Amino acid sequence: MTDTQKQDETSPLAHWIYSRDEWRRFIRWQKLKKGLVHYLIHFFSLGKKVPTPEVRITAEQVWVGGAYRQFRSDDHQLKKIDIRSEGKMNVMEITYVWKGSKAPGFSEIRILVPKGKLREAISVQDRLQKN
């Protein structure tokens, strides 16, 4: 692997910063998607201040704030990427298989596409699917 290829894998394909309202709406949607109990816990903990993170997407992983989730490595295989409209927001969903345990399993990473960044998200989707 050349130095250019290594740099391409670690350099962000997208770097998004969200408004507080956008991020709050996305978190609420995620909690509701997980179920009523998760949503109610979120609703009653509104006093807690949730920082608005930055999201960076590379060819191998997604960083949300300081945490990352890998979707392409020796133990992870990218399966598909979808961009869906969820009412007033668009969500990118990365589905991958992890092979690290006895039984392989599917997992998903959901990423809010910021307002005005749909074309960039489609470009990221295309680039990830080509690799």
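This passage looks at the nonpolar core, one buried serine and a group of aromatic rings in a predicted model. Residues are numbered from 1 along each chain as its sequence is written, and side-chain values use heavy atoms, with hydrogens and water left out. Local features need pLDDT of at least 70 and side-chain atom pairs count only at pLDDT 80 or more, while totals for chains, interfaces and linings use all residues.

A good place to start is the largest nonpolar core (buried Ala, Val, Leu, Ile, Met, Phe, Trp, Tyr and Cys residues joined through side-chain atoms within 4.5 Å; buried means under 20% relative accessible area, with a 1.4 Å probe and protein chains only). Of its 26 residues, Trp 16, Ile 57, Met 92, Ile 94 and Ile 111 touch the most other members. Ile 57 has contacts (heavy atoms within 4.5 Å) that include Trp 16, Met 92, Ile 111 and Leu 128.

Ser 107 counts as buried because its relative accessibility is 18%. The side chain of Ser 107 makes a polar contact (here a pair of N or O atoms within 3.5 Å, one able to donate a hydrogen and the other to accept it) with the side chain of Arg 69, at 3.0 Å.

Aromatic rings of Phe, Tyr and Trp (its six-membered ring) pair if their centres lie within 6.5 Å; planes under 30 degrees apart are stacked, over 60 edge-to-face and the rest tilted. Four aromatic pairs are found by this rule. Tyr 18 and Trp 23 form a tilted pair, because their centres are 5.0 Å apart and their planes at 45°. Phe 26 and Trp 29 are stacked, with centres 5.9 Å apart and planes at 20°. Ring pairs join these four residues, Tyr 18, Trp 23, Phe 26 and Trp 29, into a cluster.

Key. Buried means under 20% relative accessible area, exposed over 50%, partly exposed in between (1.4 Å probe, protein chains only). Lists of a residue's contacts leave out its neighbours within four places in sequence.
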